[in-house]
Amino acid sequence: MTVLVTGATGTVGRHVVDALLAAGAPVRALTRNPATANLPEGVEVIAGDLAVPGTLEAAFDGVEAVHLINFAGDDYQPLTEGDKIVELAVRAGVRRVTVLGGRADGPLEAALAATDLEWTLLNPVEFMSNTSKWWADTVRQGETIKEPFGGRLSAMIHEADIAAVSATVLIEGGHGGQTYTLTGPKAITTTEKARILSEAIGAPVSFTELTEEQARAKWASEGMGQEIIEFLVGALGNTPEIGYTVVDTVERVTGRPARPFAQWAKENAASFR
Ligand SMILES: NC(=O)c1ccc[n+]([C@@H]2O[C@H](COP(=O)([O-])OP(=O)(O)OC[C@H]3O[C@@H](n4cnc5c(N)ncnc54)[C@H](OP(=O)(O)O)[C@@H]3O)[C@@H](O)[C@H]2O)c1
């Protein structure tokens, strides 16, 4: 059963590829740039652009299951031609589809809902990997993390657990028509996150809590636009309940408990040293 993985070079997609390979499934990986994709041996790498459905015929040929992202481009714009992608999947005889959810459902999700495909929407909360995106440079340079809302709770999820759910759903089936919120095993505060990371990397991670006003000024001085600042203040200062409420979906679907942040921190310690 060949599985097409889109977003295969991304944070989650690389884990989806690994999980499928580990389960023995033949994997075809879509990328806009095969030359720089750097995917594991045994993966069939294929060129295509999700924003241009005409480039995707070959990618879907002979595929039975697909892991989809719902955006295109480095600014994560929703796929406007999601319906065409779904048409390609139906024509190719695809049976199962997982979708990595983003900010909101769009044309892709609407088109899937109107088919007989076994589709499953995966809506993870905050990725643990954001910690390296946001903190790695500062920690490596021995500087202090300065953020607002140190007591903010997040039920962060390990990217490999999102992937494990996707691979299980695609290989085993039985999850058609479901929308799953995916979280890690525990909600932790930003302050706790710094402490756990410090233990894992064996070096101090110093954290200073900023007031909202100080944070706004810092982000503006770093060149951040007003719209992003408002988004961050809203997301960090007023995290919706779903972002800090632990659910057991990872364990229910995969049979294994979700990985804790301490494990993520150990696995990724090198990027903070
Ligand atoms: N970070 C979080 O805390 C968080 C939480 C919940 C949900 N999410 C959602 O997760 C998603 C991001 O996933 P990620 O972090 O794994 O992505 P990522 O690491 O940013 O990687 C982006 C991937 O998208 C592919 N891509 C982009 N435009 C493409 C196009 N036009 N055609 C084909 N492929 C394209 C890229 O492939 P190539 O460059 O190889 O073509 C790459 O594999 C977003 O929808 C976001 O809303 C994130």
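User: Happy to look at this predicted model with you. Which residues of the largest nonpolar core touch the most other members?

Analyst: The largest nonpolar core of this predicted model holds 68 residues. Its largest share, eight residues, comes from helix α6 (residues 159–172). The members that touch the most others are Val5, Val97 and Val165.

User: Where does that core lie relative to the domains?

Analyst: Good one to ask next. The protein is divided into domain 1 (3–124) and domain 2 (125–157 + 183–245 + 259–273), and the C-alpha centres of the two are 29 Å apart. Both domains give residues to the core, so it lies between domain 1 and domain 2.

User: Let's take Val5 from that core. Which residues does Val5 touch, not counting residues up to four places away in sequence?

Analyst: Val5 is one of the three residues that touch the most other members of the core. Leaving out residues up to four places away in sequence, its contacts are Gly13, Val16, Val17, Leu20, Val27, Ala29, Leu30 and His67.

User: Now to helix α6. Is α6 largely enclosed or exposed?

Analyst: Its 14 residues reach 20 Å from first C-alpha to last, close to the 20 Å expected at 1.5 Å a residue. The buried ones run through Glu159, Ala160, Asp161, Ile162, Ala163, Ala164, Val165, Ser166, Ala167, Thr168, Val169 and Leu170. With 12 of the 14 residues buried, α6 is therefore largely enclosed by the rest of the structure.

User: And which residue with a positive phi follows α6?

Analyst: Helix α6 covers residues 159–172. The residue that follows α6 has a phi near 70°, and it is Gly173.

User: On to the ligand. Which element gives the most residues to the shell around the ligand?

Analyst: The shell has 28 residues, and the closest are Gly10, Thr31, Arg32, Ala72 and Gly102. By type, the shell divides into 13 nonpolar, 11 polar and four charged residues. At least two residues each come from α1 (11–22), β2 (27–31) and β5 (71–72). The element that gives the most, with three residues, is α1.

User: Where does the shell around the ligand lie relative to the domains?

Analyst: Domain 1 (3–124) gives residues to the shell, and so does domain 2 (125–157 + 183–245 + 259–273). The shell around the ligand therefore lies between domain 1 and domain 2.

User: Arg32 is among the closest residues to the ligand. How does Arg32 count in terms of exposure?

Analyst: Arg32 is found in the loop between β2 and β3 (44–47). Setting aside residues up to four places away in sequence, Arg32 touches Ala47 and Asp49. Arg32 has 16 C-beta neighbours inside 10 Å, so it counts as partly exposed.

User: Leu39 is in the loop between β2 and β3 as well. Is Leu39 buried or exposed?

Analyst: Leaving aside neighbours within four places in sequence, Leu39 is in contact with Ala8, Thr9, Val17, Ala29 and Val45. Thr9 is 30 residues away in sequence but 7.2 Å away in space, C-alpha to C-alpha. The cut-off for burial is 20 or more other C-beta atoms within 10 Å. Leu39 has 20, so it is buried.

User: What about Asn38, is it buried or exposed?

Analyst: Asn38 is found in the loop between β2 and β3. Although Asn38 is not a glycine, its phi is positive, about 55°. With 11 other C-beta atoms within 10 Å, Asn38 is exposed.

User: Last one: what is the phi of Tyr76?

Analyst: Tyr76 lies in the loop between β5 and β6 (77–78). Because Tyr76 has 11 C-beta neighbours inside 10 Å, it counts as exposed. Tyr76 is not a glycine, yet its phi is positive, at about 55°.

Key. Residues numbered from 1 in each chain as written. Predicted model: local features only at pLDDT ≥ 70, side-chain atom pairs only at ≥ 80, totals over all residues. Core = buried A, V, L, I, M, F, W, Y, C linked by C-beta atoms within 7 Å. Helix = DSSP H or I, 4+ residues; strand = E, 2+ residues; numbered from the N terminus. Domains from an automatic or database assignment. Contact = placed C-beta atoms within 7 Å. Near = placed C-beta within 6 Å. Nonpolar A, V, L, I, M, F, W, Y, C, P; charged D, E, K, R; others polar. Expected span 1.5 Å × (residues − 1).
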